[in-house]
Amino acid sequence: MMSNKTSEWETVNWIRADLSGLPADDAALFRKVLKRQTSERCSSRVAESGEAGFTVEFCTDPSLAPDSFRLDSDEHADGVRIFSAGKRGFLYGLGTILRKCRHVAEGKMFQGFPNGISTPESAFRCIYFATHFGNYYDQAALEEIERYMEDLALWGCNAVMVWFDMHSYAGLDDPAAQRQIRRLRHILGYAEKLGLDPVLGGLSNEAFAGSPPEMRADWTSGHDGYRLNLSGHYQVELCPNRPGALELLSKWRRSLLEAFAGIGLKYIQIWHYDQGGCTCSHCAPWGVNGGIRADREYAGIARELFPESRIIFSLWRFDVFTSGEWDGIFKLLKTPQNFADILSIDLEDLEKIKAGSPGGLPVISFPEISMCGITPWGGYGANPMPEMLQAFWQNGRLSLSGFQAYSEGIYEDLNKFVCLQLGWDPFRATDEILKDYFRFSFGAEPGPEFVNAVGILEKNLFHDALVNQDGNEYSAYKLSSADPAEPWRIRHRIKADADAEEAVRIIREEEARLPDRARESWRWRLLRIRAELDCELLRHQGISTQASEEYFDELGKIYRVNLQKTTPALTPPSFFAWKKKIGNCINRDGTL
């Protein structure tokens, strides 16, 4: 943790970046990041030579742990040295400086930050880009995603995960599949350039869209101990106990992993449910029976092709559809297995590991920051959950080695920041974390009520867009059930109260103090739109207005929504967008 020593606040017109002690590639990276971050906040300029008001010197210190850094500012407050053993520590130190800087109306930067060594508590701090469904990671320009990963690195992220969603493609030779492979390679490659660990996820028995019907898995319940149908199943997955299926799965796994040759995959994760699994009598219970048969093959190929990688074994949704999976994994991991170096669990399963994990293996969590409370996901703007995340960290920190936050886009940007900061220091007050987010994102000091506004948005975190058609209502998950030949209207259910008006008042007052670049930034617009939509829809009993339509359309632009590719669950619920998905739409005045 850092000491309380803090330098005096000083106005900075020029920043001199002293990168002379670094390899050329690293120096170029930090130069680019520092220049971009500074230009987005203020008019202070970055140089590498000549007289400057403030110097940031990057100094290598091999004695520091890989994720640690040390800040050392001189007593005259005209410079700071960042000490680190490698790229990550330099980025974390630079991020700390940027979060502790103040800015003034004329655009100059003030500096002030604590000295000392900082080391994260959580060893694994991963953001999982769910690269599918036409979401932001699937549609945004790669340059945007690169910039976003830079921000995550400055916040304390040390791993980025992607997933190749097999069911979306006819096979690996499908041109669309090849485009996606190139995209995922680019994302992981840039993560590696930043010093972050590349992570590739996959499922035990996921399959391509054209999988052989005779090899397909059972997904139904009411037999063999399964009390619920498998959710998220696309019914193309394979049963490893059907003739030829395990061989075909192994062939696909090898081809897919070979497609990532040259990327230094540090972790390969094996998931079992949503969309995987098989409920047949030969596979049940899947997580410790049929799934393990597939996992052994998958892990063997992974270790052959990426011998330095570690295998993350997911227990997410164990014992949800059936019973015996948690008991079974405790028994199975009494002896070392090739398919598990690290375990990943649902937050709801923390109690199961309080007395120790299966096999004594390290455990990471899977915090849900994207789909909690709002449907469509991100459809109403920001979905902040700082208090919920703080409660989780306090409950789980002694049992966990880290986390992988599941992300469907950038609308939960604030939640990522909270996760990464709590992963670094779980004792930090969320009020202080929110203030740091404001400073980093908007280049200004937050007003005294900003934290209260975020709290109101969290308290009111329940939104649902429903299609009402002839007395039946369909959520974004079930739009395909609506009859495109019949008229329909959208009804918005909003859980909010009189405090919603208070949140709008605070956000508007905060905006009046912000520089133009901050007011127009997507991060600010997500907060402003969310507060405005809550009030607008409450005032009109959940019926869209012209104002709300404009907000929904703006969100679609921020998320890079592609109406031909983006699923309804990720499309802000404007009349125009959902009409493209369904057909006839009843307008606000009752006409078609």
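What follows is a short tutorial chat about reading strands, a helix and cysteines in this predicted model.

Student: Before we start, what are the ground rules here?

Tutor: This is a predicted model, where local features need pLDDT of at least 70 and side-chain atom pairs count only at pLDDT 80 or more, while totals for chains, interfaces and linings use all residues. Residues are numbered from 1 along each chain as its sequence is written, and side-chain values use heavy atoms, with hydrogens and water left out.

Student: Okay, sheets. Which order do the strands of the open 6-strand sheet have?

Tutor: Strands here are DSSP runs (E, at least two residues), just as helices are runs of H or I with at least four, numbered from the N terminus. Two strands pair if DSSP finds at least two bridges between them. The open sheet of 6 strands reads 3-2-4-6-5-9, with mixed pairing. Strand 3 (45–47) and strand 9 (116–118) each have a single partner strand, so one side of each lacks a neighbour in the sheet. Strand 2 (residues 14–18) runs parallel to strand 3, joined by 3 bridges, with isoleucine 15 opposite valine 46.

Student: And strand 10: how many of its residues are buried?

Tutor: Start with the general idea: in a regular strand the side chains alternate between the two faces of the sheet. Buried means under 20% relative accessible area, exposed over 50%, and partly exposed in between (1.4 Å probe, protein chains only). In strand 10 (residues 124–129), 6 of the 6 residues are buried, so the strand is largely enclosed by the rest of the structure. Phe124, Cys126 and Tyr128 lie on one side, with Arg125, Ile127 and Phe129 on the other.

Student: What does strand 10 pair with?

Tutor: Strand 18 (residues 402–407) pairs with strand 10 in the parallel sense over 6 bridges, putting phenylalanine 124 opposite glycine 402. Strand 11 (residues 159–163) is also a parallel partner, over 3 bridges, and there tyrosine 128 faces methionine 161.

Student: Cys126 caught my eye. How many disulfides does the search find?

Tutor: A disulfide is a covalent bond between the sulfur atoms of two cysteines. The cut-off here is a pair of cysteine sulfur atoms within 2.5 Å, and a search of the whole structure finds 0. For cysteine 126, the nearest cysteine sulfur is that of cysteine 157, 6.3 Å away. Cysteine 126 is buried at 0% relative accessible area.

Student: Last one: why is helix 12 called largely enclosed?

Tutor: Because 7 of the 10 residues of helix 12 (residues 450–459) are buried, among them Phe450, Val454 and Leu457. The buried residues pack against helix 9 (386–396), helix 11 (430–442), helix 13 (499–513) and helix 15 (522–539), where contact means heavy atoms within 4.5 Å.
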